[in-house]
Amino acid sequence: MSKHVFQLYINGHSLTSIEAVDTIVKICRENLNGNYQLEIIDIQKDPDKAEEAGIIAIPTLIRMKPVPVSRIIGALNVRSRVLAALGISSMHVQV
Amino acid sequence: MFTPYLHFHNRLRLPMNLQKLETGNASFDHISHGGLPIGRTTLVAGSSGSAKTLFGAQFLALGIQLFNQPGVFVTFEEQVDDIRKNLKSFNWDIDTWEKEGKWIFVDAAPKEEVIIAVGDFDLSAFRIRLESAVRKCKAQRVVIDSIGSIFTQFHEEMHTIRRELIQVALTLSRLGATSIITAERLEEYGKITRFGVEEFLTDNVVILRNVLHNEKRRRTIEILKFRGSNHEKGENPFSINPEKAIVIIPLSAMNLKHVSSNERITSGIPALDEMINGGFYKGSINLVSGAIGAGKTLLVANFINGIRANKERCLLMAFEESCEQLYRNAAGWGIDFNQLEEEGLLKVICIYPEISSLEDHFINIQEVVKNFKPDRIAIDSLSALSRTSGDKGFREFIIAFTSYLKHQEITGMFTSNTPLLAGGTSDTEGNISPITDTIILLRYVEMSGEMQRSIAVLKMRGSRHDSSIRKFSITDQGANIGRHFEGISGILTGNPMLIKLE
């Protein structure tokens, strides 16, 4: 399985930001078996990065790898949908 | 460009008038009584292709060019590169301004990547980027173009977008920049915007229209409301000029407070001067109506020749004949256009009316007038010019144009073609006659198997004039005005009859 690279843009401690961090961290740990890289960017601290990436909505999760690059916006609170959107099949689920 | 704004500035201190930020587009500042409400957001709504983006970009560009006020351009729709490219043609050096930090793009245009929404989100990233851009360049002007496309980008989350746009509006008002938000509308006359943006951006609304009527495009701008402030009401036509971008032709703002001069100037024909009691009034608008070959251009040529005595300057806009033809005809009547031109007293512009819209003709004429500073202007003929526009557009043009000439104290002579050889009037005249000061009729008179020409002064505002219908002939020496037709009636209706004199 190729390595997953994610960027998650959040806004401080907003409710949706906390939820999104929670979900993606869980998914990474439980579904990707250590084969991932996750960068969490707080736009309050780093607005230029948000500008570069053209982020509008918070939270925004960008899957940089594997290509094609895709974006998921929202609190990521429906885990099964996030998994589907990221193309992580349940085959990798390790209990 | 039109009237000074001084009296508006004086009124700013009254509670009814909130402060305005001069946009730098003189014609818009005129109809808006001074510009956009300062520190507030104005919604600019228009159908697709109505020049919303250009209106916003011009607001920023003029801010930088004329007032050194930096600006932020947010794009939700077009890609930044496309906007840079599209605006290049207007001599706005956006690349340099970007390097100098006077113009910042905030790119919120749709990305190629698929976006999936899972759960709640907000647009705080956008607000923070906007705020950081505004602070970075100390922007006094902000344009968001266009808000409707954010609804299309996040089409499943309409209520979220609404809620978030209210936040954006609040951010803008907190930042204190004067801003424009553009929005799409689907019909030219109907709901203000497609997604009801006006429900939360209600204070100031400007509408741009691009209406196709009788095969002619007609662009107009209307200030629907500026809460707590005055502005001109109704639609004003505008044009997109390759150099000056949006130029509005203010109609409603045309007031009738012109200086009326008592000074007379010669028509170039002594006998005609006599008929009108000493010549045309300076700054008056004079119409010559007649059928083809009745002598209209001859009167124009004499009107031009009349500048010799006092070394006045005259601009001739010829829409029917080529320059060669005109010069030759004038020479045939003993009038030397070449010499007048060499002396710098005459400028002749021969163009086909169809080459541009009426609004553009108006702007071009203004440009020429600004540079050449004529005392007189002759247009031969208005009827040819009227072909380029619908009826309404032409009427508006005439009002704006005559008012403009009066402001500049330029004496005008316009010709108009009548469709019938004898008698009759034309549609062109119906539009123009109420605002002309003098109307001269040139009519054919059919008498005993012979075509004779006649001349009569139908009206002359503020002056006595000869009321007889006189014989008029065209000779090698030019115009010859003779005695009045005795014993004949019905010339104007085209059915002349001999009346037995006792």
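Domain bounds here come from an automatic or database domain assignment. The model is predicted.

**Domains of chain B**

The assignment splits chain B into domain 1 (28-248) and domain 2 (264-498). Taken over C-alpha atoms, the centres of domain 1 of chain B and domain 2 of chain B are 45 Å apart. Their contact takes 9 residues from domain 1 of chain B and 8 residues from domain 2 of chain B. On the domain 1 side, β10 (216-226) and β11 (235-241) of chain B are the elements that give two or more residues. β11(B) supplies the largest share, 4 residues. By class, this side of domain 1 of chain B has 3 nonpolar, 4 polar and 2 charged residues.

**Contact between chains A and B**

Chain A brings 28 residues to the contact, and chain B brings 20 residues. On the chain B side, the elements giving two or more residues are β6 (115-117) and α6 (124-137) of chain B. The largest share comes from α6(B), with 6 residues. The side of chain B that touches chain A has 11 nonpolar, 3 polar and 6 charged residues.

Strands also pair across the chains. β4 (residues 70-73) of chain A is joined to β6(B) by 3 bridges, and the two strands run parallel. Within this pairing, I73(A) stands opposite A117(B) in β6(B).

**Backbone exceptions**

Most residues other than glycine have a negative phi, and most peptide bonds are trans. Two peptide bonds and two residues are listed below for their backbone angles.

| Site | Backbone feature | Angle |
|---|---|---|
| I58(A) to P59(A) | cis peptide bond | omega near -5° |
| D380(B) to S381(B) | cis peptide bond | omega near -5° |
| A51(B) | positive phi, not a glycine | about 80° |
| N91(B) | positive phi, not a glycine | near 60° |

Where do these sites fall? P59(A) is in the loop between α2 (47-53) and β3 (60-65) of chain A. S381(B) is in the loop between β18 (376-380) and α14 (382-386) of chain B. A51(B) is in the loop between β3 (41-46) and α3 (52-67) of chain B. N91(B) is in the loop between α4 (80-87) and α5 (94-99) of chain B.

Is A51(B) buried or exposed? A51(B) is buried, because 22 other C-beta atoms lie within 10 Å and the cut-off for buried is 20 or more. N91(B) counts as exposed, because N91(B) has 12 C-beta neighbours inside 10 Å and exposed means 12 or fewer.

Notes: Residues are numbered from 1 along each chain as its sequence is written. Chains are lettered from A and ligands numbered from 1 in the order in which they are written. This is a predicted model: local features need pLDDT of at least 70, side-chain atom pairs count only at pLDDT 80 or more; totals for chains, interfaces and linings use all residues. Two residues are in contact if their C-beta atoms, placed from the backbone, lie within 7 Å. Ala, Val, Leu, Ile, Met, Phe, Trp, Tyr, Cys and Pro count as nonpolar, Asp, Glu, Lys and Arg as charged, and the others, Gly among them, as polar. Two strands pair if DSSP finds at least two bridges between them.
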